[in-house]
Amino acid sequence: FKDYAFMDSYEFIWLANTPTFQYQFISGGRPLYALLNQLVYGFFCNTISDLKWVRFFSLIGCVIFSIQVFQFLLKLKMKKLESGFFAILIFSIPSFTTFINWSATYQVPWALIMSFSAGLILMNIFKNKKINILKYLASILLVVISLCLYQSVATAFLLPFVFLTVINKNIELKTIIQLLVFLFIAFAIYFLVFRLTLNWYGIEQNNRSEINLIKLPLEVIVFYLSELRTIIPGSGLFIWNPLFFTLGLITFLGFFKKLKNEKYTVLAFLFFVIALTYLPNLLSIDNFKSTRSIGPAATILLFYQFYFLQQLSIKRKTIKMASLMLGSLLLIISFFNANNYFNGIQNKEYTALKIAFEKIPLSNTNNIIFITPKQDFLQKNGFSKYIYADEYGQVSTYKAWVSPALFNQLLKERAISENFKISDLHNYKIKVFTIDKKYSNDDNSIEINLNNILKKELRK
């Protein structure tokens, strides 16, 4: 419930009521997300402080998804305590920390819920020899909606099949083929919807939404060599990484060693399904890594590790206690990561800049010059040891668009509270430079060095 927006959210809340606001999301293949953002940032949220309720909405979604997993594991005859503990452990995954703490990812847990629900429907369909067309279409619709919200988690419909295969140690080749056919149909319909949406609005797709099938085999190899490495240590991605990576790798490899005598179809499915859940990212020409885009794969890998330790614990009470302690430690570290590398940093940055921005005189200022920090600002100044993607261990204002959006949004909030019109103020221009860039300064310009402001605030 701290006040902050974090990177893209600053721009979203400032630009939400502009005519072309939706276009950036539509061109990226998320038309439903575009419509929701118009409501969330343009109607429900008037201030940056309001965004705490958007994050709360995301938390509710994560809780519901966790309950879904818990209930399904109970149906698979897993004990209540074990099912509940794994469902809670989901919150230790860095992906879910991101979903909860970033208002720009509020839709992701709900996309997960819909895709997971599609998987549950599919499972019932595949049990019967005769396919129920209406239920099949309903499951396709849920996955397509999920794709239109956030492509990277739309493959969560595979999770129920993974859980079932692990516990029953069996999956028919026919089921695997059915899943692949379903995946192809859902993606094809989504692509058609995407193209029609672009034509309707008369806009071009952006580079991030383009696909590259030729590089797919290489991307799969890179996934297992690189991306997989980031999810093996779980929330230990930052703290004591060598230790948690070693423990994570041992449990991951141990899981497959336990299955060495099972059918090849079982082994192949459980190994390659990890990459299959990451397929939207593997297909994309944009190969940017982030925790928010790897949620389903991280959930699968955590279940493998959890199940391996659960099997070892059946006859060894010491391993059971050690596993409980390890899981509890992952949850504690996840909470620490959120407060020290995410929302804690963002709240301090927002608080400091709000005070500084409100002191800027606008009566005769022509240019407001922001000197912004670099991405590794926190690391170079000793405020944080770790940094990952564009999510953890960094300030928002290293992005060039953040400080102008933050300044203008705070000015809008002041105008509402103090009952004045922004149009009545002296015209000004905002210029943004990093600390190592040269620029000219005239008599009617004011320079705001964000580096100095942030250093002072973070040293408190």
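**Figure 1. Arginine 292 and glutamate 391 are both buried.** In this predicted model, the two residues form a salt bridge whose closest N and O atoms are 2.6 Å apart. Arginine 292 is placed in the loop between helix 14 (279-283) and helix 15, and glutamate 391 in the loop between helix 18 (377-380) and helix 19, so the contact ties together parts of the chain that are 99 residues apart in sequence. The pair is one of three salt bridges in the structure.

**Figure 2. A salt bridge joins aspartate 3 to lysine 52.** The closest N and O atoms of this pair are 3.2 Å apart. Aspartate 3 belongs to the segment before helix 1 (8-15), whereas lysine 52 is part of helix 4 (residues 51-75); the two residues are 49 residues apart, and the pair links distant parts of the chain. Aspartate 3 is partly exposed, its relative accessible area being 25%. Lysine 52, with a relative accessible area of 14%, is buried.

**Figure 3. Lysine 380 and aspartate 376 form a salt bridge.** Here the closest N and O atoms lie 3.9 Å apart. Lysine 380 counts as exposed, at 64% relative accessibility, while aspartate 376, at 28%, counts as partly exposed.

**Figure 4. The largest cavity encloses about 170 Å³ of space.** Two cavities of 30 Å³ or more are found in the model. The lining of the largest cavity consists of 22 residues, and those nearest its centre are Ile93, Pro94, Thr230, Ile231 and Ala298. Helix 6 (94-101), helix 11 (216-231) and helix 15 (295-313) each contribute at least two lining residues. The greatest contribution, four residues, is that of helix 15. By class, the lining of the largest cavity comprises twelve nonpolar, eight polar and two charged residues.

**Figure 5. The second largest cavity holds about 30 Å³ of space.** Its lining is made up of Phe357, Glu358, Phe407, Leu410, Leu411 and Arg414. Two or more of these residues come from helix 17 (343-358), and two or more from helix 19 (402-418). Helix 19 provides the largest share, four residues. Four of the lining residues are nonpolar and two are charged, with no polar residue in the lining of this cavity.

**Figure 6. The second largest pocket has a volume of about 570 Å³.** It is lined by 31 residues, of which Phe306, Leu309, Gln310, Ser313 and Ser323 are the closest to its centre. The elements supplying two or more lining residues are helix 5 (80-89), helix 12 (241-258), helix 15 and helix 16 (317-341). Helix 15 gives the most to this pocket, with eight residues. The lining of the second largest pocket divides into 18 nonpolar, nine polar and four charged residues. Helix 15 also gives the most to the lining of the largest cavity.

**Figure 7. Helix 9 (residues 159-168) is mostly covered.** Of its ten residues, eight are buried. These are Leu159, Pro160, Phe161, Val162, Phe163, Thr165, Val166 and Ile167. Lysine 169 follows helix 9 and has a positive phi, near 55°.

**Figure 8. Three strands form an open sheet with parallel pairing.** The strand order is 2-1-3. Strand 2 (429-434) and strand 3 (445-449) are the edge strands, each pairing on one side only. From one strand to the next, the twist averages 20°. Strand 1 (residues 367-372) and strand 3 run parallel and are joined by five bridges. Within strand 3, serine 445 is the bridge partner of asparagine 367.

Definitions and conventions
Residues numbered from 1 in each chain as written. Predicted model: local features only at pLDDT ≥ 70, side-chain atom pairs only at ≥ 80, totals over all residues. Heavy atoms only, no water. 1 Å grid on protein atoms, 1.4 Å probe; cavity = no way out; pocket = protein on both sides within 12 Å on 5 of 7 lines; lining within 4 Å. Points joined across faces, edges and corners; volume = space filled by probe spheres on them. Nonpolar A, V, L, I, M, F, W, Y, C, P; charged D, E, K, R; others polar. Buried < 20%, exposed > 50% of the residue type's maximum accessible area, 1.4 Å probe, protein only. Salt bridge = Lys/Arg side-chain N within 4 Å of Asp/Glu carboxyl O. Pairing = 2+ DSSP bridges. Axes fitted to C-alpha atoms, helices over the stretch in contact; angles between N-to-C directions.
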